[in-house]
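Colleague: I'm new to this one and would like a close look at a single part of it. Could you take me through the sheet and whatever packs around it, in plain words?

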Amino acid sequence: MSITEVAKVAGVSHATVSNVINNRPSVSPKTVKAVRQAMAQIGYTPRPVESRPGRRPRSADGVFTGRVSMVWPRREGYNNPVALGIMQGIGTELDALGLDLTVSFADAENVGQVVDRADGLLALGFLEKGMIDSLRGKPIVWIGSHGPLDWGDRVRCDHGQIARESVAYLVDQGCDSAIYVNLDTPHPAFQQRGASFRLECERLGVPVQVVQIKGGDPATDAVKQLSRLKPTSRAGMFVACDRHLAALDRACRLTGVTTLADHPAIGCDNDTSALAGLIPTPATFDLRAEQLGRLAVHRLSERMRGNGGAGQVTITQSAQLIEPPTHSA
């Protein structure tokens with residue numbers, strides 16, 4: 001059954017049936033009665049308002065269009081497992097809430113349209129300041145560590161937990177010192193991850209050295225720095241993400257530097273394609289990206305419906321340590 005059939009039985013337009021269902025005052029009592037009789041006659045029951053597509057009355061739930069825009073910079077990569085997992089979680093949660101998603105590859109020219117056509121915004125990746133300012137005025141949730149700190153809610157992984165467990169893992173492997181490697185220094189998540197790692201090492205009295213690269217040939221430059229560090233024979237290495245770890249491994253092999261092969265290593269993202277072929281297999285963290293996406297949508301839905309509370313809210317999610325498989329003789 002559909003409202004088209006209701007309209008045909010009642011002898012009114014599709015729009016009139018919609019107005020009656022949504023209790024709009026523009027319909028005469030006589031027409032309302034005719035429409036409701038037609039609905040009863042054919043056994044039509046309207047969908048709950050929270051699961052209907054299209055424009056919604058403000059009095060119902062504060063949602064106008066039922067549409068959420070995902071704001072994503074054009075230059076960002078979209079094929080890494082974290083981004084793909086986040087998008088899967090976003091889609092699953094939006095579907096459960098009866099909301100629609102528009103993915104907007106935002107730039108300075110179209111960002112205004114992105115804001116106008118949605119009830120709420122999800123943002124992932126680095127946006128220019130001018131674009132960020134254009135997003136003000138709509139409920140927004142920043143996914144990850146990019147974005148301003150002074151407005152909007154945020155959902156991100158728990159960098160402190162990742163740092164604590166990575167140091168504990170390396171200590172369990174018999175390491176007496178540590179190295180943190182970051183091939184993308186400006187990345188805020190990698191900065192936070194590194195700062196937390198250094199603090200945890202200091203708390204436990206584990207000597208730590210840092211290799212951070214900005215620009216140039218990051219992996220090759222990092223290998224040069226590693227070769228100068230002369231780490232102890234029992235040093236362990238924490239690398240900002242698995243793709244950095246794979247790039248570092250290739251650069252080490254090309255230059256004959258054995259630092260990565262000689263020391264226990266741990267990365268982040270559980271990127272199996274990046275880690276394939278690395279010997280020995282490093283440990284990594286699964287950031288549970290799908291759950292990050294679901295949490296972001298749930299938080300945004302609360303804001304859109306006016307149930308988000310006062311002030312900014314940051315939700316942190318723990319990651320799962322994935323240790324390399326053990327091989328028995």
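Modeller: Happy to. Let's start from one pair of residues: Val 181 has Val 239 in S8 as its bridge partner. Keep in mind that this is a predicted model.

That pair belongs to the contact between S6 and S8, which run parallel and are joined by five bridges. Now widen the view a little. S6 and S8 sit in an open sheet of four strands, ordered S7-S6-S8-S9, with parallel pairing. At the edges you'll find strand S7 (208-212) and strand S9 (265-266), each of which pairs on one side only.

Now for the aromatic rings. Searching the whole structure turns up four aromatic pairs. One of them is Tyr 180 with Phe 197: the ring centres are 6.0 Å apart and the planes meet at 35°, so this pair is tilted. Tyr 180 is in strand S6, while Phe 197 is in helix H9 (residues 188-204), and the two are 17 residues apart, so to speak of the pair is to speak of a link between distant parts of the chain. Are these two residues buried or exposed? Tyr 180 has a relative accessible area of 0%, so it is buried. Phe 197 is also at 0% relative accessibility and therefore counts as buried.

Phe 197 has another ring to pair with. Its ring and that of Phe 238 have centres 5.0 Å apart and planes at 45°, so this pair is tilted as well. Here too, distant parts of the chain are linked: Phe 197 is in helix H9 and Phe 238 is in strand S8 (residues 235-239), 41 residues apart. Phe 238 is buried, like Phe 197. Put the pieces together and Tyr 180, Phe 197 and Phe 238 make up one aromatic cluster. So that you can picture it: the cluster takes Tyr 180 from S6 and Phe 197 from H9, and Phe 238 from S8.

Phe 197 also leads us to a bit of empty space. The structure holds one cavity of 30 Å³ or more, and the largest cavity has a volume of about 40 Å³. Which residues line the largest cavity? They are Val 167, Leu 170, Val 171, Cys 175, Ser 177, Ala 178, Phe 197 and Val 206. Two elements, helix H8 (159-172) and strand S6 (177-182), each supply at least two residues of that lining. H8 gives the most, with three residues. Sorted by class, the lining of this cavity has seven nonpolar residues, one polar residue and no charged ones. So S6 comes up again here: this strand pairs with S8 in the sheet, and it also helps to line the largest cavity.

For contrast, have a look at the second largest pocket, which takes in about 330 Å³ of space. It is lined by 24 residues, and the closest to its centre are Leu 260, His 263, Ile 279, Pro 280 and Thr 281. Helix H11 (242-255) and helix H12 (259-262) are the elements that give two or more residues to the lining. H11 has the largest share, with four residues. The lining of this pocket divides into 15 nonpolar, six polar and three charged residues.

Before you go, there are some other strands to find. Strand S3 (residues 120-124) is mostly covered, as five of its five residues are buried. Both faces of S3 are covered: Gly 120, Leu 122 and Leu 124 are buried on one side, and Leu 121 and Ala 123 are buried on the other. S3 runs parallel to strand S1 (residues 67-73), and four bridges join them; in this pairing, Val 71 stands opposite Ala 123. S3 also runs parallel to strand S4 (residues 140-143), again with four bridges, and there Leu 122 stands opposite Val 141. To get from S3 to S4, the chain passes through helix H7 (residues 129-134), in a β-α-β crossover that is right-handed.

If you want to find your way back, return to Val 181 and Val 239, then look for the cluster of Tyr 180, Phe 197 and Phe 238, and from Phe 197 go on to the lining of the largest cavity.

How values were computed. Residues are numbered from 1 along each chain as its sequence is written. This is a predicted model: local features need pLDDT of at least 70, side-chain atom pairs count only at pLDDT 80 or more; totals for chains, interfaces and linings use all residues. Side-chain values use heavy atoms; hydrogens and water are left out. On a 1 Å grid over the protein atoms alone, a cavity is a set of points where a 1.4 Å probe fits but cannot get out, and a pocket is an open set with protein on both sides within 12 Å along at least five of seven lines; lining residues have an atom within 4 Å of a point. Grid points are joined across faces, edges and corners, and a volume is the space filled by probe spheres set on the points. Ala, Val, Leu, Ile, Met, Phe, Trp, Tyr, Cys and Pro count as nonpolar, Asp, Glu, Lys and Arg as charged, and the others, Gly among them, as polar. Buried means under 20% relative accessible area, exposed over 50%, partly exposed in between (1.4 Å probe, protein chains only). Two strands pair if DSSP finds at least two bridges between them. A crossover is right-handed if, with the strands pointing away from the viewer, the path from the first strand over the helix to the second runs clockwise. Rings of Phe, Tyr and Trp (its six-membered ring) pair if their centres lie within 6.5 Å; planes under 30 degrees apart count as stacked, over 60 as edge-to-face and the rest as tilted.
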